[in-house]
Amino acid sequence: MSDFRSPVYHVQAVPVEKIRANHYNPNHVPPKEMKLLELSIWEDGYTMPCVCYYLPDEDIYELVDGFHRYTVLKTSKRIYRREKGLLPVVVIEKDLSNRMASTIRHNRARGVHSIDLMSNLVAELTRAGMSDNWIIRHFGMDKDELLRLKQVSGLAELFADKEFSIPNEQEEIIRHE
């Protein structure tokens, strides 16, 4: 049995001014659902903390998950007043690649992803040296989905470590029999 303790047991009330969005979140919530989220937070309060990473050099919390809950606090005057400008936050300790993976895991469990932003994220992680297997494992996707995202980006460098060949006609005939 390890001594691991889930971050949710350490919720902090952080001034929204000390929080910023990350640059890699591909999740998008349409305006109608944002209004519903605002209503939900107004009626129920914040029932789930946002997930952040603390940047001590800047004394800033960077969002990993919870961008839309954060946005509601920043844009809804009535919620900002009621919450006194404080956002419930839990902090995780992970490097950037693993924070990106955490964002995707949180989002994939709920929400809609922008294909363009997802392909940009895959491209950024590939350029950072993360393997296809790492991306597949940490984002909860299959090889075909990863391939489609790489194709959308249109960047040849994403395929640099792959070997491709055009099958001859005989191989093609055998495969389709």
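Glu62 is buried, with 9% relative accessible area. That puts Glu62 under the 20% cut-off used for buried residues. Keep in mind that this is a predicted model, and let's use Glu62 as the way in.

**The strand around Glu62**

Glu62 sits in strand E5, which covers residues 60–65. Six of the six residues of E5 are buried, so the strand is largely enclosed by the rest of the structure. If you skip the neighbours within four places in sequence, Glu62 still touches quite a list: Arg20, Ala21, Asn22, Tyr24, Val51, Cys52, Tyr53, Leu55 and Arg99. One of those contacts, Arg20, also stands opposite Glu62 in the strand pairing.

Which strands pair with E5? On one hand there is E2 (residues 19–20), running parallel to E5 and joined to it by two bridges. On the other there is E4 (residues 50–55), which pairs with E5 in the antiparallel sense over five bridges. In that second pairing, Leu55 faces Ile60 of E5. Leu55 is also among the residues in contact with Glu62.

E4 and E5 make a hairpin, with four residues between the two strands. The turn holds Asp59, and its phi is positive, at about 50°.

**The whole sheet**

Zooming out, E5 belongs to an open sheet of five strands with mixed pairing, in the order E1-E6-E4-E5-E2. E1 (12–15) and E2 are the edge strands; each has a single partner strand, so one side of each is left without a neighbour in the sheet. For E1, the pairing is with E6 (residues 86–91), antiparallel, over four bridges. Look for Gln12 opposite Val89 of E6 if you want a landmark there.

**Where the helices cross**

Two helix pairs are worth a look, H1 with H2 and H5 with H7. Here they are side by side.

| Helix pair | Axis separation | Angle |
|---|---|---|
| H1 (residues 31–44) and H2 (residues 67–75) | 10 Å | about 75° |
| H5 (residues 115–127) and H7 (residues 143–153) | within 8 Å | roughly 95° |

Start with H1 and H2, whose axes are 10 Å apart and pack at about 75°. An angle of 65 to 115 degrees counts as roughly perpendicular, and H1 and H2 therefore fall in that class. On the H1 side, the contact is made by Met34, Leu37, Glu38 and Ile41, and on the H2 side by His68, Arg69, Thr71 and Val72. Sorted by class, this contact has four nonpolar, two polar and two charged residues.

Thr71 deserves a closer look. It lies in H2 and counts as buried at 18% relative accessibility. Its C-alpha is 9.3 Å from that of Glu38, although the two residues are 33 apart along the chain.

Now for H5 and H7, whose axes come within 8 Å and cross at roughly 95°. That makes H5 roughly perpendicular to H7. From H5, the residues that take part are Ile115, Asp116, Met118, Ser119, Val122 and Thr126, and they meet Leu146, Leu149, Lys150, Val152 and Ser153 of H7. The class split for this contact is six nonpolar, three polar and two charged.

How far does H5 reach from its first C-alpha to its last? The 13 residues span 18 Å, close to the 18 Å expected at 1.5 Å a residue. The buried residues in H5 are Met118, Ser119, Leu121, Val122, Ala123, Leu125 and Thr126. Among them, Met118, Ser119, Val122 and Thr126 also turn up in the contact with H7. After H5 comes Gly129, with a positive phi near 95°.

**Positive phi outside glycine**

Most residues other than glycine have a negative phi. Two loop residues here go the other way. Asp59, with a phi near 50°, is in the loop between E4 and E5. Lys84, with a phi near 60°, is in the loop between helix H3 (77–83) and E6.

Are these two buried or exposed? Asp59 is partly exposed, at 35% relative accessible area, while Lys84 counts as exposed at 67%.

Methods
Residues are numbered from 1 along each chain as its sequence is written. This is a predicted model: local features need pLDDT of at least 70, side-chain atom pairs count only at pLDDT 80 or more; totals for chains, interfaces and linings use all residues. Side-chain values use heavy atoms; hydrogens and water are left out. Buried means under 20% relative accessible area, exposed over 50%, partly exposed in between (1.4 Å probe, protein chains only). Two strands pair if DSSP finds at least two bridges between them. The expected span of a helix is 1.5 Å times one less than its number of residues. Contact means heavy atoms within 4.5 Å. Axes are lines fitted to C-alpha atoms, for helices over the stretch in contact, and angles run from 0 to 180 degrees between N-to-C directions. Angles under 35 degrees count as roughly parallel, over 145 as roughly antiparallel, 65 to 115 as roughly perpendicular and the rest as oblique. Ala, Val, Leu, Ile, Met, Phe, Trp, Tyr, Cys and Pro count as nonpolar, Asp, Glu, Lys and Arg as charged, and the others, Gly among them, as polar.
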